[in-house]
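Here's a quick look at the pockets and cysteines in a protein model. Take a glance at the sequence and the structure before reading on.

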Amino acid sequence: MNSIQELFQKKDKELLSIYFTCGYPELEDTTQVISALEKSGVDFIEVGLPYSDPLADGPTIQYSSQRALENGVNLDIIFEQLLTIKQTNKTPLVLMGYLNQMLKYGEEKFCQKVVDCG
């Protein structure tokens, strides 16, 4: 059973999940945001993968995605950042993005990077 499944097995506790956009407000803030969320006690973290055309998201995520992309964030940078924090972060991470991103990056390559970061 993975760590997310374990969280949902606990019926005596409501879970708190927080979403943030990688590379926002600054390119290098991803690991700092994850560390701060972990220290604050969130149960799992939704890691937003910025996308150039986030039509299914509201204006706040659209704005943060645009800003992150302007900062130069991309999937390679995000995976590097997630590998960096892997050793210290114990809070489960859930990647939130669009299928288009994975397809463009390459499905096998994307999945392998996710495994490497987990």
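What follows covers two pockets and then the cysteines. Keep in mind that this is a predicted model.

**Pockets**

Here are the two side by side.

| Pocket | Volume | Lining residues | Nearest the centre |
|---|---|---|---|
| Largest | about 440 Å³ | 16 residues | T91, P92, L93, C117 and G118 |
| Second largest | about 280 Å³ | 13 residues | P50, Y51, L75, Q101 and K104 |

Start with the largest pocket. Its lining draws at least two residues from each of α1 (3-9), α4 (75-86), β3 (93-96) and α6 (107-117). By type, that lining splits into 9 nonpolar, 5 polar and 2 charged residues.

Now for the second largest pocket, lined by 13 residues. Two or more of these come from each of α4 and α5 (99-105). The biggest contributor is α5, which puts 4 residues into the lining. Here the split is 7 nonpolar, 4 polar and 2 charged. Notice that α4 turns up in the lining of the largest pocket and in that of the second largest pocket.

**Cysteines**

How many disulfides does a search of the whole structure find? The count is 0. C22 is unpaired, and its nearest cysteine sulfur belongs to C117, 10 Å away. C22 counts as buried because its relative accessible area is 0%, under the 20% cut-off. C111 isn't in a disulfide either: the nearest cysteine sulfur is again that of C117, at 12 Å. With a relative accessible area of 42%, C111 is partly exposed. As for C117 itself, this residue is among those nearest the centre of the largest pocket.

Conventions
Residues numbered from 1 in each chain as written. Predicted model: local features only at pLDDT ≥ 70, side-chain atom pairs only at ≥ 80, totals over all residues. Heavy atoms only, no water. 1 Å grid on protein atoms, 1.4 Å probe; cavity = no way out; pocket = protein on both sides within 12 Å on 5 of 7 lines; lining within 4 Å. Points joined across faces, edges and corners; volume = space filled by probe spheres on them. Nonpolar A, V, L, I, M, F, W, Y, C, P; charged D, E, K, R; others polar. Disulfide = S-S within 2.5 Å. Buried < 20%, exposed > 50% of the residue type's maximum accessible area, 1.4 Å probe, protein only.
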